[in-house]
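This briefing is meant to be read beside the sequence and the model. It goes from the overall fold to individual contacts.

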Amino acid sequence: HIKSFKQQAGISLIEILVSTAVGVLLLSAAATMGLSSLAGSKDGIINGKAGQELQTMMNTMTREIRRAGYNSVPEVITDPDNKHFRKIWFFNETATGSGKFTCTIFRYDRDPESTTLTPPGNGTVTTPDVRGIRLNANQLEILISAPAILPANCSGTDWEPISNSSNFNISGTSPLTFEPKEVMLMDGSMVVDNVVITLAGTAANGNNATLSEMIQLRNRPIKQ
């Protein structure tokens with residue numbers, strides 16, 4: 001038997017070059033997509049951290065201002081000022097007539113602190129009972145003890161920072177505002193029913209973020 005063999009041709013140089021070029025293009029596209037996905041993931045992490053810090057700061061302010069006006073004993077109108085906790089002050093209006101302010105100071109009965117058997121307070125206003133929230137040089141601060149029980153402004157040194165600019169930088173034209181909403185009671189008196197707090201700034205990647213919350217004031221303090 002005579003066997004016939006077909007001539008087998010190998011891969012030409014041109015085919016190798018074309019295949020290599022196609023492979024390089026595919027790898028380049030895959031690398032670009034991977035880097036884009038990595039950058040997106042990094043941005044997502046940064047935005048997530050900024051959002052968490054923004055919410056933490058808002059929660060801290062909410063816990064404080066909700067206590068405004070709390071008194072461990074019933075208040076009587078004829079009592080002296082140091083027996084009245086249902087008072088709240090707003091300072092530094094962003095623009096005349098805007099109704100938005102950059103600082104608030106209020107009272108709540110917290111000194112002495114509570115124990116397992118008794119609630120906090122003793123019915124008498126002392127300087128540790130006067131609390132506040134302000135923005136100072138892009139730093140969110142809480143007043144821990146006022147110079148006097150009747151505040152004239154938001155100055156003073158007994159303010160403690162509660163924000164960290166590493167993940168979220170408080171910035172903008174009016175990055176922190178308090179907008180009180182008053183209602184009239186049946187006796188004709190005006191009280192603060194709620195306060196809208198707005199906090200704004202930028203994340204570490206430059207993305208802007210803003211959070212607004214309406215805080216119901218259970219004790220309905222009187223705006224001074």
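The points below cover the fold, the salt bridges, one loop residue, the surface and the largest pocket.

The model is predicted. Its secondary structure consists of one helix and ten strands, and along the sequence the helix precedes the strands, in the pattern α-β-β-β-β-β-β-β-β-β-β. Of the 224 residues in the protein, 32% are buried.

**Salt bridges**

- The count of salt bridges is seven; side chains of opposite charge can pair when their charged atoms come close.
- Asp 81 pairs with Arg 107, with 2.8 Å between the closest N and O atoms. Asp 81 is in the loop between helix 1 and strand 1 (87–93) and Arg 107 is in strand 2, so this salt bridge ties together parts 26 residues apart in sequence.
- The two partners sit in unlike surroundings: Asp 81 is partly exposed because its relative accessible area is 27%, whereas Arg 107, at 0%, is buried.
- Glu 141 and Arg 134 form another salt bridge, their closest N and O atoms also lying 2.8 Å apart. Glu 141 has a relative accessibility of 9% and so counts as buried; Arg 134 is buried as well, at 12%.
- Glu 64 and Arg 67 meet through their side chains in a salt bridge with an N to O distance of 3.7 Å. Glu 64 is buried, at 7% relative accessibility, while Arg 67 is partly exposed, at 37%.
- A network of salt bridges links Glu 64 and Arg 67 with Arg 131.

**A buried glycine in a loop**

- Gly 121 belongs to the loop between strand 2 (101–107) and strand 3 (130–136). Its relative accessibility is 17%, so Gly 121 counts as buried, the cut-off being under 20%.
- The C-alpha atom of Gly 121 is 8.6 Å from that of Val 73, and the two residues are 48 apart along the chain.

**Nonpolar surface patch**

- Ile 14, Val 18, Val 22 and Leu 26 make a nonpolar patch of about 400 Å² on the surface.
- Ile 14 is part of helix 1, which covers residues 13–66. Ile 14 counts as exposed because its relative accessibility is 62%.

**Largest pocket**

- The volume of the largest pocket is about 240 Å³.
- Its lining includes Glu 75, Val 76, Ile 77, His 84, Arg 86 and Lys 87, and also Leu 185, Asp 187, Ser 189, Val 191, Ile 222 and Gln 224.
- By type, the lining residues of the largest pocket are five nonpolar, three polar and four charged.

Technical notes
Residues are numbered from 1 along each chain as its sequence is written. This is a predicted model: local features need pLDDT of at least 70, side-chain atom pairs count only at pLDDT 80 or more; totals for chains, interfaces and linings use all residues. Side-chain values use heavy atoms; hydrogens and water are left out. Patches are made of residues with over 30% relative accessible area and no salt bridge: like charges are joined within 9 Å, nonpolar side chains (Val, Leu, Ile, Met, Phe, Trp, Tyr) within 5 Å. Accessible areas come from the Shrake-Rupley method with a 1.4 Å probe; for residues, only the protein chains shown count as cover. A salt bridge is a side-chain nitrogen of Lys or Arg within 4 Å of a carboxyl oxygen of Asp or Glu. Helices (H or I, at least four residues) and strands (E, at least two) are DSSP runs, numbered from the N terminus. Buried means under 20% relative accessible area, exposed over 50%, partly exposed in between (1.4 Å probe, protein chains only). On a 1 Å grid over the protein atoms alone, a cavity is a set of points where a 1.4 Å probe fits but cannot get out, and a pocket is an open set with protein on both sides within 12 Å along at least five of seven lines; lining residues have an atom within 4 Å of a point. Grid points are joined across faces, edges and corners, and a volume is the space filled by probe spheres set on the points. Ala, Val, Leu, Ile, Met, Phe, Trp, Tyr, Cys and Pro count as nonpolar, Asp, Glu, Lys and Arg as charged, and the others, Gly among them, as polar.
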